[in-house]
Amino acid sequence: ALSDPPQPGETITYSFRVENTGSVPLTNVTVTDPKPGLVFIGAPVAPIASLAPGQVNSTTYRATYVLTTDDFEIERVDNTASVSALPPNSVTPITDESTVSTPLDTEPRLELVKIVSPFGTSVSSPPQVGDEVYYIIVANNTGNKRIHDVVVSDPMLGLVDYNLGTIEPGDQSVLDTFAEGIVYTLTQADLDRGFVDNQATASGE
């Protein structure tokens, strides 16, 4: 069973139920499923030798599929399988197909962490006006869906919609203000206050 909500990398297991709904026996009953990434359990799987009228086989063909981030983009997994079989005294197979759609609940989540960078930051003891502070800003995708066009804004640093790009589920994007040459200089107001109060925000689609 999938988690709630499901996550990329989890596995869907398919069972293929094949029924002879006709009035004659069928032989060489074969299931195919071309979905990329799907793997039949025990492959290669030998065809079902025969199915009598009314007989059902739901154990021969089973397969697994690992969820990808692309599946969460469309919020579902569609899968179409086909079956073929030979009627008596015939070399022309009969066929059928079936499609199943598995919905995927998506929960996009973006977490922003901001810390003082050990690189470049130079604060005197006691602090002085003009001391330089650099920051590391980390945007984490803690949800199960790819987040596009992630931007960070930080008015104190003069950042407006700084583009961090696309972040995959479970991944992060880092802005090192020292590497980017973005610095905050302590002011007399900061010293009078006794601290620097700063907040950054992030958003994406």
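In this predicted model, the protein chain carries 9 positive and 27 negative side chains. The centres of these two sets of charges lie 8 Å apart. The surface on which such groups can be looked for is also easy to describe: the protein chain exposes about 11600 Å², and carbon and sulfur atoms supply 51% of that area. Buried residues make up 32% of the 205 residues.

The overall form comes next. The secondary structure of the protein chain comes to 3 helices and 17 strands. The radius of gyration is 29 Å, whereas the globule rule gives 17 Å for 205 residues, so the chain is more spread out than a compact globule. The C-alpha trace tells a matching story in its own terms, spanning about 95 × 25 × 25 Å along the principal axes. Among contacts with a separation of 6 or more, 67% join residues 24 or more positions apart.

A good place to begin a tour of the strands is the open sheet built from 3 strands in the order β1-β7-β4, with antiparallel pairing. Strands β1 (11-15) and β4 (39-40) stand at the edges with a single partner strand each, so one side of each has no neighbour in the sheet. The pairing of β1 with β7 (residues 62-66) is antiparallel and runs over 5 bridges. Within this pair, T11 has V66 of β7 as its bridge partner. In a regular strand, side chains alternate between the two faces of the sheet.

Helix α1 covers residues 69-74, and T69 lies in it. T69 is buried, because its relative accessible area of 18% is under the 20% cut-off. Apart from neighbours within four places in sequence, T69 is in contact with P8, R146, E168 and P169.

Strand β13 (residues 147-154) deserves a closer look. Of its 8 residues, 6 are buried, so β13 is largely enclosed by the rest of the structure. On one hand, β13 is joined to strand β14 (residues 159-167) by 5 bridges, and the two run antiparallel. V151 has N163 as its bridge partner in β14. The hairpin of β13 and β14 has 4 residues between the strands, and G158 takes a positive phi near 75° there. On the other hand, β13 also pairs with β17 in the antiparallel sense, over 3 bridges. Here S153 has T201 of β17 as its bridge partner.

One residue of β13 stands out for its backbone. D149 is placed in this strand, and its phi is near 50°, a positive value in a residue other than glycine. With a relative accessibility of 44%, D149 counts as partly exposed. D149 also appears among the residues that G204 touches, a set made up of L110, I147, H148, D149 and V150 once residues up to four places away in sequence are left out. G204 itself is placed in the segment after β17 (201-203) and is partly exposed, with a relative accessible area of 40%. From C-alpha to C-alpha, G204 and P108 are 9.5 Å apart in space, although 96 residues separate them in sequence.

A contrasting case is V129, found in the loop between β10 (110-116) and β11 (132-133). V129 is partly exposed at 48% relative accessibility. Residues up to four places away in sequence aside, V129 touches L186, T187, Q188 and L191. V129 and N140 are 11 residues apart along the chain, yet their C-alpha atoms are separated by 33 Å.

Some further backbone details complete the picture. Most residues other than glycine have a negative phi, and most peptide bonds are trans. Against that background, N28 has a phi near 50°, a positive value in a residue other than glycine. N28 is found in strand β3 (residues 26-32) and is partly exposed, with a relative accessibility of 38%. Cis peptide bonds also occur in the model: one joins D4 and P5, with omega about 5°, and another runs from A43 to P44, with omega near 0°. P5 is placed in the segment before β1, whereas P44 lies in the loop between β4 and β5 (48-51).

How values were computed:
Residues are numbered from 1 along each chain as its sequence is written. This is a predicted model: local features need pLDDT of at least 70, side-chain atom pairs count only at pLDDT 80 or more; totals for chains, interfaces and linings use all residues. Side-chain values use heavy atoms; hydrogens and water are left out. The radius of gyration is taken over C-alpha atoms; the globule rule is 2.2 Å times the number of residues to the power 0.38. Buried means under 20% relative accessible area, exposed over 50%, partly exposed in between (1.4 Å probe, protein chains only). Contact means heavy atoms within 4.5 Å. Accessible areas come from the Shrake-Rupley method with a 1.4 Å probe; for residues, only the protein chains shown count as cover. Lys and Arg count as positive and Asp and Glu as negative; His and the chain ends are not counted. The place of a charge is taken as NZ of Lys, CZ of Arg, CG of Asp or CD of Glu. Two strands pair if DSSP finds at least two bridges between them.
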